Amino acid sequence: MSMYGGCSSVQDNMGLQQRQYALLMEIQRLCRELPMTYQQRVPYSMLSSLSASLLDGTVFEIVNHLAEIQHMTERKLMEQRSQLVNSHKALKQEMTKKHREALQSCQSKPHNLKLVTNTNQKEKQALETRLEDEIRKFDERIVLELDHRVAEQQMTLEKAGVAGFFTTSKPEEVRLQMYLLEIIRKLSKMNFNAAPFSFTCT
C-alpha cells in the first residue's frame, strides 16, 4: 500500500467520523424537540446507532420510499371513503324523492297517509342503519390497512438495521417510531458532507 493510499484511507475514515458526529449532534438536537416522555425513551446508545445507520444514505432512500407508499395508501383510502360517502348521499336523495312522491300521492288517498308515513320512516331508518354500518366497516378497513403499512415499515427498517425499529403494536412504541421517522426525513433534507475542519496528511 502506498503512502498516498494510506493517507486517503485515513482521510476517508476521518470524513465518515465527522459526518457521523454531525448526524449525531443534529439527531440529539431534534430529539430535544420531542415531548419529554419520549426524550427519555431514546438513550445515547440508540441515537449513536441511528446516526451510524444513516451514514451511507441508504436508510434515507428507504424512509422516503416508505413515506411515498404511505401517502399513496392514505390518499387512495380517503378517495374511496369520499366516493362511498357521495354514493350514500345519492341514495338518501333518491329515497327522499321517493318518499316525497309517496306522500304527494296521498293527497288523493288521505286514508293512506298514516301507512305511507310509517313506511317512509321505517325505510329511512333502515337505510341510515345500513349506511352507518358500511361507513363503520370501511373505517375499520382503513385502520387495518394503515396498521398493515406500519408493520411493513417496521419490518423493513428493522431489517435495514435502523435503531428503534421492530414489529410492535403498542401505541407508545409506534408513536416513538413515528417521531424517529420524522427525524430521519428531516435529516434526509440536510447536507452532512461538508467537513467541519480539514485534515491533511504530510
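User: How many residues does helix 4 have, and how far does helix 4 reach from its first C-alpha to its last?

Analyst: In this predicted model, helix 4 has 48 residues and reaches 71 Å from its first C-alpha to its last. To read such a span, one sets it beside the value expected at 1.5 Å a residue; for helix 4 that value is 70 Å, and the reach is close to it.

User: What does the chain hold in helices and strands, and in what pattern?

Analyst: The chain has six helices and zero strands. Along the sequence the pattern reads α-α-α-α-α-α.

User: How do the spans of helix 5 and helix 6 compare with what is expected at 1.5 Å a residue?

Analyst: Helix 5 covers residues 113-159, which makes 47 residues. Its first and last C-alpha atoms lie 69 Å apart, close to the expected 69 Å. Helix 6 has 18 residues, so at 1.5 Å a residue it should span 26 Å; its end C-alpha atoms are 26 Å apart, which agrees.

User: What follows helix 5?

Analyst: Helix 5 is followed by G161, which has a positive phi, near 80 degrees.

User: What share of the chain counts as buried, and how much accessible surface does the chain have?

Analyst: Of the 202 residues, 30% count as buried. The accessible surface of the chain comes to about 13,500 Å², and 55% of that belongs to carbon and sulfur atoms.

User: Which residues of helix 4, helix 5 and helix 6 are buried?

Analyst: In helix 4 the buried residues include F60, L66, Q70, L77, M95 and H99. In helix 5 they include V116, N120, L127, F138, R149, Q153 and L157. In helix 6, V174, Q177, L181 and I184 are among them.

User: Against which helices do the buried residues of helix 5 pack?

Analyst: They pack against helix 4 (58-105) and helix 6 (171-188). Contacts can also be read by the separation of their partners in sequence. Among contacts in the chain between residues at least 6 apart in sequence, 73% join residues at least 24 apart.

User: Is Q153 buried or exposed, and what does Q153 touch?

Analyst: Q153 lies in helix 5. A residue is called buried when its relative accessible area is under 20%; Q153 has 12% relative accessibility, so it counts as buried. Not counting residues up to four places away in sequence, Q153 touches L66, Q70 and L181. Of these partners, L66 and Q70 are among the buried residues of helix 4, and L181 is among those of helix 6.

User: How is V174 placed, and which residues is V174 in contact with?

Analyst: V174 lies in helix 6 and is buried, with a relative accessible area of 16%. Leaving aside its neighbours within four places in sequence, V174 is in contact with V150, Q154, T168 and S169. Distances between C-alpha atoms add to this picture. Those of V174 and A151 are separated by 9.6 Å, although the two residues are 23 apart along the chain.

User: Where is A151, and how far is its C-alpha atom from that of T168?

Analyst: A151 has its place in helix 5 and is partly exposed, with a relative accessible area of 24%. The C-alpha atoms of A151 and T168 are 7.5 Å apart, while 17 residues separate them along the chain.

User: How does one look for empty space, and what is the volume of the largest pocket?

Analyst: Rolling a probe the size of a water molecule over the atoms shows where empty space is left. Here the largest pocket has a volume of about 420 Å³. The elements giving two or more residues to its lining are helix 4, helix 5 and helix 6. Helix 5 contributes the largest share, seven residues.

User: Which residues lie nearest the centre of the largest pocket, and how does its lining divide?

Analyst: The lining has 20 residues, and Q70, V150, Q153, M178 and L181 lie nearest the centre. The lining divides into 11 nonpolar, five polar and four charged residues. Of the residues nearest the centre, M178 lies in helix 6 and is partly exposed, with a relative accessible area of 45%.

User: What lines the second largest pocket?

Analyst: The second largest pocket holds about 200 Å³ of space. Its lining includes K92, M95, H99, N120, L127 and E128. Helix 4 and helix 5 each supply at least two residues of this lining, which divides into three nonpolar, four polar and three charged residues.

Conventions: Residues numbered from 1 in each chain as written. Predicted model: local features only at pLDDT ≥ 70, side-chain atom pairs only at ≥ 80, totals over all residues. Heavy atoms only, no water. Helix = DSSP H or I, 4+ residues; strand = E, 2+ residues; numbered from the N terminus. Buried < 20%, exposed > 50% of the residue type's maximum accessible area, 1.4 Å probe, protein only. Contact = heavy atoms within 4.5 Å. Areas by Shrake-Rupley, 256 points an atom, 1.4 Å probe, with all protein chains shown as cover. Expected span 1.5 Å × (residues − 1). 1 Å grid on protein atoms, 1.4 Å probe; cavity = no way out; pocket = protein on both sides within 12 Å on 5 of 7 lines; lining within 4 Å. Points joined across faces, edges and corners; volume = space filled by probe spheres on them. Nonpolar A, V, L, I, M, F, W, Y, C, P; charged D, E, K, R; others polar.
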